[in-house]
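Trainee: I've got a structure open and I'd like to know where its labels come from. Can we go through it together?

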Amino acid sequence: SESLAHGMRSSWRAAIVPTVSDPVALAVAIFFVSRASDAFLAAIAIFGAAILCRIAWSELTTTDKDFGFQTRPRLSFMTIWFTNIFNPNLWIFSFTINAIQINHYNKNFGLGVAALYFTTFLVVMCATNLTIAFIISRNRHAVNVKWRVAINRILSVFLLLVAFRFLYMG
């Protein structure tokens, strides 16, 4: 929405905020997950899969009315950071998906693979966010609502695939 409303000069902050907020949530989550029993981790993985299925379903049922934007002022970096750090989805994702994945890689393949996963996760997330922000800001007048709905629905299928992987891990 920041890209559509204000272009690339404004949206880059929203695109890179995960590099500042996600490590905080993930450090807390990894601290707890690394000390949990395998049965508890399985329950968390299954809970994470259920949450991903719920998000995927909501994206599959997206309509054009869900994309109504209002004109608003540009957001500051701190506003975006506070929004992200207090977003329950960040904490749910950190506890139910990322920390489980990092713990799994650490136990089975060592700290190096876990660190590589985390670094790759942040780089890919920011690169994807920046790419999307760039494309949307350059084409914000051409991207119609029907495309946004279609893109959301396609991405929801990928969420379902990740959910099934977590069901398998659980």
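**Asking what the labels mean**

Mentor: Sure, let's start with Phe 95, which sits in helix α6. Keep in mind that this is a predicted model.

Trainee: Why is Phe 95 called partly exposed?

Mentor: Its relative accessible area is 25%. Buried needs a value under 20% and exposed one over 50%, so Phe 95, at 25%, lands in between and is partly exposed.

Trainee: Which residues does Phe 95 touch, if we skip those up to four places away in sequence?

Mentor: Val 28, Ala 29, Phe 32, Val 33, Ile 44 and Ile 100. Also, Gly 48 is 47 residues from Phe 95 in sequence, yet the two C-alpha atoms are 8.2 Å apart in space.

Trainee: What about the cysteines: what makes Cys 126 buried?

Mentor: Cys 126 has a relative accessible area of 8%. The cut-off for buried is under 20%, so Cys 126 is buried. Cys 53 comes out at 26%, so that one is partly exposed.

Trainee: How many disulfides does the structure hold?

Mentor: It holds 0 disulfides. To count, a pair of cysteine sulfur atoms would have to be within 2.5 Å.

Trainee: Next, the helices. Why are α2 and α3 called roughly parallel?

Mentor: Helix α2 (residues 8–16) packs on α3 at an angle of about 20°, with the axes 6 Å apart. Angles under 35 degrees count as roughly parallel, so the label fits α2 and α3.

Trainee: Which residues meet there?

Mentor: From α2, Ala 14, Ala 15 and Ile 16; from α3, Pro 18, Thr 19 and Val 20. By class that contact has 5 nonpolar residues, 1 polar and no charged.

Trainee: And how do α6 and α7 cross?

Mentor: Their axes come within 6 Å and cross at roughly 145°. Among the residues making the contact are Phe 93 and Tyr 105 of α6, and Leu 111 and Phe 121 of α7. The classes here are 10 nonpolar, 3 polar and no charged.

Trainee: Which residues have the most contacts inside the largest nonpolar core?

Mentor: Val 33, Leu 41, Leu 52, Ala 99, Ile 100 and Phe 166, in a core of 17 residues. Helices α3, α4, α6 and α8 each supply at least two residues of it. There is also a second, separate core of 6 residues, including Trp 81 and Leu 90.

Trainee: What does Leu 52 contact, leaving aside its neighbours within four places in sequence?

Mentor: Ile 97, Leu 159, Val 162, Ala 163 and Phe 166.

Technical notes
Residues numbered from 1 in each chain as written. Predicted model: local features only at pLDDT ≥ 70, side-chain atom pairs only at ≥ 80, totals over all residues. Heavy atoms only, no water. Buried < 20%, exposed > 50% of the residue type's maximum accessible area, 1.4 Å probe, protein only. Core = buried A, V, L, I, M, F, W, Y, C linked by side-chain atoms within 4.5 Å. Helix = DSSP H or I, 4+ residues; strand = E, 2+ residues; numbered from the N terminus. Contact = heavy atoms within 4.5 Å. Axes fitted to C-alpha atoms, helices over the stretch in contact; angles between N-to-C directions. Nonpolar A, V, L, I, M, F, W, Y, C, P; charged D, E, K, R; others polar. Parallel < 35°, antiparallel > 145°, perpendicular 65-115°, else oblique.
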